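Please work through the following exercises with the sequence and the model open side by side, and try each task before reading its solution.

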Amino acid sequence: MQFKDQIDFVRQHISKNKLRVFMTVLAATMGTAFLIVLASVGFGIHDTITKEILSDRKVTEIQVYASEMSQEIADEFKKIDHVSAVVNRQEFNAQTETSFKNMKGNNGIIATDFIEEGKVGFKLAEGRLPENPNEVVVGSHFGQFLLTEEEANGEVEEGEEGFKGYEGNLVGEQFTVRLGDFNGDMFEKDELKLTIVGVAAPPARDWFTDQSIYTNASLIPTIEKIYKANTEVELDDHPDAMHLFYNNVMVYANNLENVKAITKTLKDQGHSVYSVTEELDQLDVFFFALKAGLIFVGTIAILISSIGIFNTMTMAVTERTREIGVMKAIGAKPQLIQRLFLMESAWIGILGTFLAIVISYGVSIIANFVLPIIVTAALGEEDLGGIQVKFSIIPWQLVVIASTISISVAMISGWRPARKATKIDVINALRTEL
Amino acid sequence: MITVKGLNHSFKIGKKGKEKHIPVLRDVNFDVNDGEIVSIVGKSGSGKSTLLHILAGFMAPESGEIKVNGIETSIFNETDNAEFRLNNYGFIFQNFQLMPGLNAFENVELPLKLKGIEKAERQEKVNTLMKYVGLTEVQDHYPNELSGGQQQRVSIARALITDPPIILADEPTGSLDSETEQEILLLIQSLNKNRGITFVIITHDDEVAQTANRVYTMHDGELKEGVVQHAI
Ligand SMILES: Nc1ncnc2c1ncn2[C@@H]1O[C@H](COP(=O)(O)OP(=O)(O)OP(=O)(O)O)[C@@H](O)[C@H]1O
Ligand SMILES: [Mg+2]
């Protein structure tokens, strides 16, 4: 029998008992949709946690420690496959003193490459990234930690919440930085004149403060020149800092999956590295278990719906005993009879699965839209702390897993009735009355 | 064409351990030649249908040998039997055995579908045959919308559609009135004459037996050639 005739045959049978088949498909649909929606919550939470709570940048970041680090080595890292950016933040190791208007501050200078920073999303609260050598971005707490002369000398009482600091506008303002040596002696001449073009976003962790001055790496030669011109203190004399700048290199993978491979490459090259993958691994194991658990529970729902398929198919076989007998008598092979019934139960499974996928996506979209509203209302807050919470995500893998389970279960539950059909005795079947 | 040698069969009835063996066929021997109409007569319960069922491969005999055109069919498994039936046999039953969900046309078409023949060819063949057996008018009718004679014509058409060399018929006119019986018998005779189809017809009807070239009589599971009057 040709395949299209088989399909025709099955279709004809199904259309003869529309209501019963419909109810069975409905049960299969509900079971499968339950599985998909349930598991989608696991996928949703996993995604929310990896994407939002560990910010994008942190997840793909690989920190490299090396005593002999330099810009040249950092540039080499860019050639590794799947590296999207290499940020080399060079921290000035000696003393500095900031003068902003009539206030003073103590801010570290971090020289970096803003093109690379831009690639991985240097987060600004306001303004833009520097483009010229004397332009800088300041940390989010830059203003807060500036002190007036009286405050610095302890002539004024500190209030409950500390000193007020500078609360005015920062972007566009100019300020100067005086450099000093490792012993804390400030140089008398050669101040750096800098312009603020942006303010960095606050650090993700609330208790962190950031009062750094982020400058372009092109300022480094200027700083080195000032240092050499003003002090006799040899750099090598200082035991902790061999260099005027301390290199802090971060390599960024283009996506999470590649972090591991890059980490390994860097380790193989003899660097000490740290990436968040170690922690993520544990998180992944946890979520893998969670998702597997949810899929397992959902599978039970599918198994329950399979009872319906078993029932429907058994009835179908019983009802058609005589027809099966006639088919066999005129030369239908047992294998064909079995295939026709398996196709019928598979069709129930496939249709049920298809409907379940459509319904699940609908439920998922509605849940993601409605649940945040309910949760925020319940918590009495404006939003969920700025976190983009996804309650339900249905990745294609979940669709594949659910479809496989659902269709296999449908076919397995249709298998016994189909076997029964092949075992039907022609003589007895021809005797049965309609 | 068909040679049956030393065929024995008995049914088991009753519970396991205490079952009784009821012999139904006892050392049955017979042959059917090419292009013949052979009929088997006998009392009810004498084992006629059982013989036909074994011949068709619906069940296996206890012992004995069946050869069809030199092929030993009694050793076939279920799948081989089905294949063999599809290609060599047509069946006509007393109660027609049409598929209730298929109309007359589709019922006749079914064996061609089983053979995997393309739709266009199927339709042409069925149309020709429907005309031949005079069913074109009612080809869209479902079995419950056909008279007994029409149903039997449909079942004969279904048996013929694959051009089998042999047709096995079990009481083909058993449910028909004498007028319709005549029509069917004429059809069988013309098929035999014009198409050279071999028929094995089981009947307990004299008139049917008379259309046959040769008659066998079944009596208590024993088969003898010729009409044995007291056995009918
Ligand atoms: N499945 C079975 N189990 C037990 N005994 C059976 C079975 N099938 C048939 N018999 C017995 O075998 C004998 C022969 O039956 P069969 O149907 O071959 O008779 P028949 O000659 O075709 O009769 P009829 O003319 O009434 O159709 C009968 O006595 C019947 O009771
Ligand atoms: Mg009989």
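**Exercise 1.** Determine what share of the residues in chain B is buried.

*Solution.* The model is a predicted one, and the criterion for a buried residue is a relative accessible area under 20%. Applied to the 232 residues of chain B, this criterion gives a buried share of 54%. The accessible surface of chain B, for its part, amounts to about 10300 Å², and carbon and sulfur atoms hold 45% of that surface.

**Exercise 2.** Explain why chain B can be called as compact as a globular protein of its length.

*Solution.* Begin with the secondary structure, which in chain B consists of seven helices and ten strands. The radius of gyration of chain B is 18 Å, and since the globule rule gives 17 Å for 232 residues, the two values are close, so chain B is as compact as a globular protein of that length. The C-alpha trace of chain B extends over about 50 × 40 × 35 Å along its principal axes. Finally, among contacts in chain B with a separation of 6 or more, 72% join residues that are 24 or more positions apart.

**Exercise 3.** Describe the contact between chain B and chain A, and state which residues of chain B lose the most area there.

*Solution.* First count the participants: chain B contributes 28 residues and chain A contributes 27 residues. Next take the area buried between the two chains, about 2400 Å², to which carbon and sulfur atoms contribute 59%. On the chain B side, Gln97(B), Met99(B) and Leu114(B) lose the most area to chain A, and together they account for 24% of what that side buries.

Notes:
Residues numbered from 1 in each chain as written. Chains lettered and ligands numbered in written order. Predicted model: local features only at pLDDT ≥ 70, side-chain atom pairs only at ≥ 80, totals over all residues. Heavy atoms only, no water. Helix = DSSP H or I, 4+ residues; strand = E, 2+ residues; numbered from the N terminus. Rg over C-alpha atoms; globule rule 2.2 N^0.38 Å. Buried < 20%, exposed > 50% of the residue type's maximum accessible area, 1.4 Å probe, protein only. Contact = heavy atoms within 4.5 Å. Areas by Shrake-Rupley, 256 points an atom, 1.4 Å probe, with all protein chains shown as cover. Buried area = accessible area lost by both parts, 1.4 Å probe.
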